[in-house]
Every structure is written in C-alpha cells, then in structure tokens.
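Okay, thanks for squeezing me in before coffee. I'll put the model up and then walk you through the fold, the charges and a few odd spots.

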Amino acid sequence: MEIVEVTDDRGAIVARDWLRKSEGVHRQLRPALPGAYEDKMKRVFAGGGRMSIATHRGEVAGLAVYRMHENTAAGRLLYVDDLVTDERCRSEGVGRTVLSYLERKARTAGLDTLSLDSGVQRDQAHKFYFREGMIAAAFHFIKKLA
C-alpha cells in the first residue's frame with residue numbers, strides 16, 4: 001500500500017488522475033457530493049482542505065480529506081473532514097494506514113491534536129477510532145440553514 005498526496009501544501013492538485021479515481025470511493029462516505037466532483041474538491045482545497053489517498057494495486061483503497069489549522073479548543077490541529085476506506089478493502093489495514101500517515105504528518109508539523117467528527121450512526125467507524133486510541137471528546141451540534 002502506498003500513500004499518494006493529491007494536493008500540495010498550497011492546495012494545488014498535483015495528482016489529477018488519482019483525484020478522478022478517488023471519486024467513487026469518496027462517494028461511499030459522501031453520496032450527496034455534487035456531480036461536478038472535481039469542481040467541488042477544488043473549492044474545498046482552496047478553503048484549506050488537502051487530500052491523501054491510499055493506493056493498492058493501482059486502485060484507490062482509501063482516502064482522507066483534511067486540513068491543518070488552529071482553534072481555541074484544540075490548539076493547532078489536523079482535522080479530518082473525511083476518512084473512508086473502499087468497502088471492498090475494509091478490515092485490511094487501509095484505514096489504519098491512512099490514519100497513521102495523518103498522525104505522522106500532524107506530528108511533523110508540530111500540531112497538538114488529530115481530530116475528526118463521525119456520524120452518530122457509524123458504529124463500526126467508532127469502534128475503529130477507539131481501537132486507534134482516539135476518544136469521544138465532545139458532541140458536535142449543527143443547525144441546517146438552507
């Protein structure tokens with residue numbers, strides 16, 4: 001398994017073919033992503049998002065969309081917007097590989113925290129995060145405005 005950076009540190013797409021190949025796996029987590037996937041991701045990258053993927057045998061096995069920033073609650077953190085393993089590759093170490101990669105990236109950048117939100121219905125994901133040493137530290141509240 002290999003990790004490929006789809007974006008550089010400024011958010012420019014440096015692996016356009018891998019971005020295109022990632023769409024199907026990304027939609028397993030986010031089926032409501034708009035049809036113009038690449039345009040959506042360009043906006044996410046312009047807003048600070050970055051993307052890394054795990055490849056196996058020339059295919060996307062998993063991916064992460066993340067950002068590094070600072071806030072008042074967690075300090076300097078790497079926040080994971082999306083972490084998804086292709087359903088055909090679950091329980092094969094893909095998620096662990098991607099999460100470990102992100103943790104190394106955060107440590108190298110001198111960040112204090114690795115953080116993510118996970119939908120309350122995602123029991124299997126929660127078990128995975130607990131196994132990986134993460135804790136449930138807060139509730140995340142939302143109010144849809146549109």
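Before anything else, one cut-off, as I'll lean on it all the way through: buried means under 20% relative accessible area, exposed means over 50%, and partly exposed is what lies in between. And please keep in mind that this is a predicted model.

So, the cut-off in use. Take Asp82: its relative accessible area is 9%, so it counts as buried. What does Asp82 pair with? Its side chain meets that of Arg30 in a salt bridge, 2.7 Å from N to O. That pair ties together distant parts of the chain, with Asp82 in strand E4, residues 75-85, and Arg30 in the loop between helix H1 (16-29) and helix H2 (37-46), 52 residues apart. Arg30 comes out at 36% relative accessibility, so that end of the bridge is partly exposed.

Let me step back to the overall fold. We've got 4 helices and 5 strands, and going along the sequence the order is β-α-α-β-β-β-α-β-α. The radius of gyration is 15 Å, close to the 15 Å the globule rule gives for 146 residues, so the protein is as compact as a globular protein of that length. If you like boxes, the C-alpha atoms fill one of roughly 35 × 35 × 30 Å along the principal axes.

How much of the protein is buried? Buried residues are 40% of the 146. On the outside, the accessible surface is about 9200 Å², and carbon and sulfur atoms account for 51% of that. As for contacts, if you take those between residues at least 6 apart in sequence, 55% of them join residues at least 24 apart.

Now back to charges. There are 24 positive and 20 negative side chains, and the centres of the two sets lie 2 Å apart. How many salt bridges does a search of the whole structure find? The number is 12. You've already met one of them, Asp82 with Arg30.

Here's another: Lys105 and Glu5, at 3.1 Å from N to O. This pair also links distant parts of the chain, and here the separation is 100 residues, from Lys105 in helix H3 (residues 94-108) to Glu5 in strand E1 (residues 2-5). Lys105 has a relative accessible area of 21%, so it falls in the partly exposed class. Glu5, at 23%, is partly exposed too.

Then there's Asp81, right beside Asp82 in the numbering. Asp81 makes a salt bridge with Arg67, 2.7 Å from N to O. Asp81 is in strand E4 and Arg67 in strand E3, residues 59-71, with their positions 14 residues apart in sequence. Buried or exposed, that pair? Both Asp81 and Arg67 are buried.

There's also a network: Arg16, Asp17, Arg20, Glu38 and Lys42 are joined by salt bridges that share partners. Let me pick out one member. Glu38 is in helix H2, and at 18% relative accessibility it is buried. Setting aside neighbours within four places in sequence, Glu38 is in contact with Arg16, Leu19 and Arg20.

Right, odd backbone spots. Which residues have a positive phi without being glycine? I'll show you two. Arg57 has a phi of about 55°, and you'll find Arg57 in the loop between strand E2 (50-56) and E3. Its relative accessible area is 76%, so Arg57 is exposed. Ser91 also has a positive phi, about 65°, and sits in the loop between E4 and H3. Ser91 is at 81% relative accessibility, so that one is exposed as well.

Last stop, Ala61, which is in strand E3. With 2% relative accessibility, Ala61 counts as buried. What does Ala61 touch, once neighbours within four places are set aside? The list is Ala54, Thr55, His56, Thr85, Asp86, Cys89 and Val94. And a distance, if you want one to check on the screen: from Ala61 to Leu102 is 16 Å, C-alpha to C-alpha, with the two 41 residues apart in sequence.

To pull the charge part together: the Asp82 and Arg30 bridge has a buried acid and a partly exposed arginine, while Asp81 and Arg67 are both buried. That's my tour, so over to you for questions.

Technical notes. Residues are numbered from 1 along each chain as its sequence is written. This is a predicted model: local features need pLDDT of at least 70, side-chain atom pairs count only at pLDDT 80 or more; totals for chains, interfaces and linings use all residues. Side-chain values use heavy atoms; hydrogens and water are left out. Helices (H or I, at least four residues) and strands (E, at least two) are DSSP runs, numbered from the N terminus. The radius of gyration is taken over C-alpha atoms; the globule rule is 2.2 Å times the number of residues to the power 0.38. Buried means under 20% relative accessible area, exposed over 50%, partly exposed in between (1.4 Å probe, protein chains only). Contact means heavy atoms within 4.5 Å. Accessible areas come from the Shrake-Rupley method with a 1.4 Å probe; for residues, only the protein chains shown count as cover. Lys and Arg count as positive and Asp and Glu as negative; His and the chain ends are not counted. The place of a charge is taken as NZ of Lys, CZ of Arg, CG of Asp or CD of Glu. A salt bridge is a side-chain nitrogen of Lys or Arg within 4 Å of a carboxyl oxygen of Asp or Glu.
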